[in-house]
Amino acid sequence: MKQKEPRIVVTFHTTAEAMATEKLCRELQLSGKLISAPRALTADCGIAWSGAPETKKTLLCALTDADIEIAGAYDMEI
């Protein structure tokens, strides 16, 4: 069984926002990936971004600057 690790999980209202986040993170070289939204969270599109917790501030600032709307940002162990 895989050991759970701390992650920042960002949920979105639309798939387009999730895809735009993936593209933005690649450009900024922020580690992470798109995942199915964890059951404990609600995501309108069912997709979430999971990244290293130390990227939280940079990620949220970049999303704001890029006008990418998020449904929520959560510190979780997944």
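Biologist: What pLDDT does the chain average?

Modeller: This is a predicted model, in which local features need pLDDT of at least 70, side-chain atom pairs count only at pLDDT 80 or more, and totals for chains, interfaces and linings use all residues. Residues are numbered from 1 along each chain as its sequence is written, and side-chain values use heavy atoms, with hydrogens and water left out. The score, pLDDT, is the predictor's confidence in each residue, from 0 to 100. Here 100% of the residues score at least 70, and the chain averages 95.

Biologist: Which element has the highest mean pLDDT?

Modeller: Elements here are DSSP runs numbered from the N terminus: helices (H or I, at least four residues) and strands (E, at least two). The lowest mean, 96, belongs to β4, while the highest, 98, belongs to α2.

Biologist: Good to know! How many salt bridges does a search of the whole structure find?

Modeller: A salt bridge needs a side-chain nitrogen of Lys or Arg within 4 Å of a carboxyl oxygen of Asp or Glu. E5 pairs with R7, with the closest N and O atoms 3.4 Å apart, and E22 pairs with R26, also with 3.4 Å between the closest N and O atoms. D75 pairs with K56 at 3.0 Å. The search of the whole structure gives a total of three.

Biologist: About how far apart along helix α1 are E22 and R26?

Modeller: Both residues sit in helix α1 (residues 15-28). R26 is exposed, with a relative accessible area of 59%; exposed means over 50%, buried under 20% and partly exposed in between, using a 1.4 Å probe and protein chains only. Because E22 and R26 are four residues apart in the helix, their separation is about one helical turn.

Biologist: And D75 with K56: which elements does that pair link?

Modeller: D75 counts as exposed at 53% relative accessibility, whereas K56 is partly exposed at 27%. The closest N and O atoms of this salt bridge are 3.0 Å apart. The two residues are 19 residues apart and link distant parts of the chain, namely strand β4 (residues 72-77) and helix α2 (residues 56-65).

Biologist: Is R7 buried or exposed?

Modeller: R7 lies in strand β1 (residues 6-11). Its side chain makes a polar contact with the side chain of S50 at 3.0 Å; such a contact is a pair of N or O atoms within 3.5 Å, where within protein one must be able to donate a hydrogen and the other to accept it, and residues adjacent in sequence count only if both atoms are side-chain atoms. Its salt-bridge partner E5 is partly exposed at 35%. With a relative accessible area of 17%, R7 is buried.

Biologist: How many residues make up the largest nonpolar core?

Modeller: A nonpolar core is a set of buried Ala, Val, Leu, Ile, Met, Phe, Trp, Tyr and Cys residues joined through side-chain atoms within 4.5 Å. The largest one includes I8, L24, W49 and L63, and its full count is twelve.

Biologist: Why do the buried residues of α2 lie on the same side?

Modeller: The buried residues in α2 are L59, A62 and L63. The face turned away from them carries the exposed residues K57, T64 and D65. L59, A62 and L63 share a side because their arc around the axis, taken from the directions from the helix axis to the C-beta atoms, is only 100°.
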